[in-house]
Amino acid sequence: MTKPTRVTLENDYEIVLEGLRALLRPYASDIHVVELDIKRRPRRRVDVTLLDTYGDTQDVAQRVADLVADPAAGAVVVFSFSDQQGLVRRVLKAGASGFISKAVSTTDIVEGIRAVARGERVILHRQTQRGAIDTELRWPGRDIGLTERESELLALLPTGMTNQQLAEHLYVSDNTIKAQLRSLYAKLGVHNRTQAATIAAQDLLGPH
């Protein structure tokens with residue numbers, strides 16, 4: 001019998017990690033979630049570290065490089081709402097063994113993790129705005145109608161990033177950021193980024 005792949009889930013938001021753990025729970029015979037890490041490196045040796053990029057204010061490539069340098073982390077896989085080619089290239093160059101878009105099926109996610117644990121390089125992405133995100137993959141603010149990108153923008157506003165910096169960080173255009181911010185402000189009932197950032201700092205996005 002094949003041993004289950006030992007996995008650490010890493011992100012800065014508890015709700016994101018809990019959603020991911022719930023997604024993988026039916027596959028416990030193949031994927032054993034050893035720990036959930038919030039702003040920490042894995043404390044126990046695992047086969048794969050699945051790094052969810054949601055709301056990450058650090059350069060993702062640098063975070064990947066830091067994990068790759070830690071023997072306890074095993075193979076590093078980036079898991080993201082965004083599947084822009086620039087992001088994929090940067091994380092692979094930083095040493096990631098795989099990249100998995102959240103828009104692919106759960107069975108593909110599981111098989112991708114298993115393949116990386118076997119020593120393979122895996123790139124699974126769906127370049128479409130209509131890619132279906134599994135209902136278990138919850139993001140902060142979903143219950144009040146925020147999309148995953150609006151929620152991630154809200155998480156990043158307290159950093160003080162400019163629109164251009166947000167666009168570079170999320171691998172989209174300035175115009176896309178402006179449109180998504182307008183939609184975010186409307187849903188929050190605010191008029192500017194200062195008001196939105198204040199709301200983000202009031203734990204609307206949950207434990208961080």
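1. A quick definition before the helix packing: the axes here are lines fitted to C-alpha atoms, for helices over the stretch in contact. Keep in mind that this is a predicted model. With that in hand, look at helix 7 (residues 174-188) and helix 8 (residues 193-200): their axes come within 10 Å and cross at roughly 60°. The crossing of helix 7 past helix 8 is left-handed.

2. Now the side of each helix that does the touching. Helix 7 brings Leu 181, Tyr 185 and Leu 188, which meet Arg 193, Ala 196 and Ile 199 of helix 8. By type, the residues of this contact come out as 5 nonpolar, no polar and 1 charged.

3. On to the charges: there are 10 salt bridges in the structure. One of them pairs Arg 63 with Asp 12, with 3.1 Å between the closest N and O atoms. Arg 63 sits in helix 2 (residues 60-68) and Asp 12 in the loop between strand 1 (5-10) and helix 1 (14-24), so this pair ties together parts 51 residues apart in sequence.

4. Is that pair buried or exposed? Arg 63 has a relative accessible area of 8%, so it counts as buried, and Asp 12 is buried too, at 6%.

5. Arg 118 is worth a look as well. Its side chain meets that of Glu 111 in a salt bridge of 2.9 Å, N to O, and Arg 118 also bridges to Glu 120, where the closest N and O atoms are 3.2 Å apart. Both glutamates are partly exposed: Glu 111 has a relative accessible area of 40% and Glu 120 one of 37%.

6. Back to Arg 63 for a last point: through salt bridges with shared partners, Glu 10, Asp 12, Asp 56 and Arg 63 form one network.

Notes
Residues numbered from 1 in each chain as written. Predicted model: local features only at pLDDT ≥ 70, side-chain atom pairs only at ≥ 80, totals over all residues. Heavy atoms only, no water. Axes fitted to C-alpha atoms, helices over the stretch in contact; angles between N-to-C directions. Helix = DSSP H or I, 4+ residues; strand = E, 2+ residues; numbered from the N terminus. Left-handed = near helix turned anticlockwise from the far one by under 90°. Contact = heavy atoms within 4.5 Å. Nonpolar A, V, L, I, M, F, W, Y, C, P; charged D, E, K, R; others polar. Salt bridge = Lys/Arg side-chain N within 4 Å of Asp/Glu carboxyl O. Buried < 20%, exposed > 50% of the residue type's maximum accessible area, 1.4 Å probe, protein only.
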